[in-house]
Amino acid sequence: MATYENPRLVLDSSRPPEPGRVSWRSPSNIAIVKYWGKRGIQLPQNPSLSLTLTAAYTQMTMEYALKKDPDPKIDLTFFFNDQPHESFQQKVTTFLTNVAPIFPFLRQLKLTIRTFNSFPHSAGIASSASSMSALALCLCSLEDRFFQTLNDDAEFDRKASYVARLGSGSACRSIYPYAVLWGETPVVPGASDEYATPLHELIHPVFKTFHDDILVVSAAEKAVSSRAGHALMEGHPFAETRYTQARLRTVLLVEALRSGDIETFGQIAEEEALALHALMMCSRPPYLLLQPGTIAILHRVRTFRQQTQLPVYFTLDAGPNVHLLYPAEYAARVRAWVEGELKSYCEQGFYLPDKVGEGPIEE
Ligand code: PMV
């Protein structure tokens with residue numbers, strides 16, 4: 001098991017680096033096979049597979065200068081949308097303290113992080129994948145700038161994915177473009193529970209054109225966090241069945257992505273969405289994140305598909321918002337339908353048209 005701990009990554013204070021900055025834009029991702037249930041330190045109970053998005057992203061800049069005083073505490077100031085943000089600052093300070101054995105030079109720096117999300121704050125769109133992947137990429141860029149240890153791109157990405165996972169499991173998949181696997185599965189040799197594996201070379205081109213319209217049924221903060229949801233999988237009556245099911249669906253999905261089988265892809269997407277929420281509904285205590293508008297949209301997707309024969313499928317994250325998945329060639333017809341029929345279920349009519357994309361960009 002990789003630890004990436006490296007006590008040698010310490011700056012020579014007799015030759016201090018000039019103050020500077022690194023900057024990344026990193027997207028969110030939507031899981032088709034879901035990660036739900038973890039073990040150890042952010043390790044998944046089953047493999048998951050996601051599509052990397054484009055329009056929903058975090059832009060992060062990390063400014064650094066060598067500290068004047070020798071206090072080894074992490075020294076971080078955090079701005080979110082140009083405003084100081086106390087709770088994010090605390091969360092990220094804790095994370096940086098946790099990863100300091102991997103990046104010991106962090107204790108020598110005065111850091112300022114500025115982040116912006118492309119989607120409105122509290123739009124009900126999860127930002128942990130985009131923000132934790134952006135943060136991990138900034139940390140790897142810092143390491144490479146100071147020590148030139150990550151000039152191999154594959155090694156850079158793998159380490160960024162590993163570190164992103166420690167921040168938020170699903171964030172490890174945002175490092176790579178198009179379609180990404182996280183977790184061991186016999187059909188992708190070399191896949192790991194510790195970091196994600198890119199699948200873009202293996203997938204049929206149609207999946208690189210996929211749209212994902214995120215229909216925001218409710219922008220309110222979730223009543224039960226993902227962290228609490230993962231924890232409720234411990235001792236869950238269906239846990240083992242669920243993990244076996246997800247392993248099997250991963251195998252089927254990899255094959256569907258390879259062969260361009262949109263129908264199997266869509267069927268798995270919908271089965272997984274409903275399975276995720278079914279698990280919540282029979283946790284102890286049980287809980288329900290779906291809203292009436294969510295259910296109405298799910299029925300309408302199925303009716304629309306039956307009537308038009310268009311390959312439009314839904315998936316859900318751990319919340320009430322619906323992701324509509326379909327190939328780009330049907331975008332005009334789907335857009336007209338969303339505007340005419342589905343928009344009315346969205347909070348203040350808000351939805352975010354997104355699509356599968358090329359992954360993070362260094363800025
Ligand atoms: O990465 P976390 O701990 O926020 O968990 C994400 C869980 C789901 O979004 C529901 C599924 C997934 O695989 O992204």
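1. A quick definition before we start: a residue is called buried when its relative accessible area is under 20%, and exposed when that area is over 50%. Please keep in mind that this is a predicted model.

2. With those cut-offs, look at helix α1, where Glu86 and Asn98 come out as exposed. The buried residues of α1 are Val92, Phe95, Leu96 and Val99. These buried residues take up an arc of only 100° around the axis, which means they lie on the same side of α1; Glu86 and Asn98 are on the other side. The general rule behind such a pattern is that an α-helix has 3.6 residues a turn, so residues three or four places apart point the same way.

3. What sits over the buried residues of α1? The cover includes two strands, β5 (75-80) and β7 (109-117), and two helices, α2 (128-147) and α3 (153-167).

4. The length of α1 (residues 86-99) checks out nicely: because each residue should add 1.5 Å, its 14 residues should span 20 Å, and the end C-alpha atoms are indeed 20 Å apart.

5. Now for a sheet further along the chain. Four strands make up an open, antiparallel sheet, in the order β11-β12-β10-β13. β11 (313-316) and β13 (351-355) are at the edges with a single partner strand each, so each has one side without a neighbour in the sheet. From one strand to the next, the twist averages 25°.

6. β10 (residues 211-215) pairs with β13 through five bridges in the antiparallel sense. His211, for instance, has Lys355 of β13 as its bridge partner. Helix α7 (residues 292-308) packs on this sheet, where it touches β10, β11 and β12 (322-326), and its direction makes about 155° with that of β11.

Methods:
Residues are numbered from 1 along each chain as its sequence is written. This is a predicted model: local features need pLDDT of at least 70, side-chain atom pairs count only at pLDDT 80 or more; totals for chains, interfaces and linings use all residues. Side-chain values use heavy atoms; hydrogens and water are left out. Two strands pair if DSSP finds at least two bridges between them. Axes are lines fitted to C-alpha atoms, for helices over the stretch in contact, and angles run from 0 to 180 degrees between N-to-C directions. Contact means heavy atoms within 4.5 Å. The expected span of a helix is 1.5 Å times one less than its number of residues. Buried means under 20% relative accessible area, exposed over 50%, partly exposed in between (1.4 Å probe, protein chains only). The arc is that of the directions from the helix axis to the C-beta atoms.
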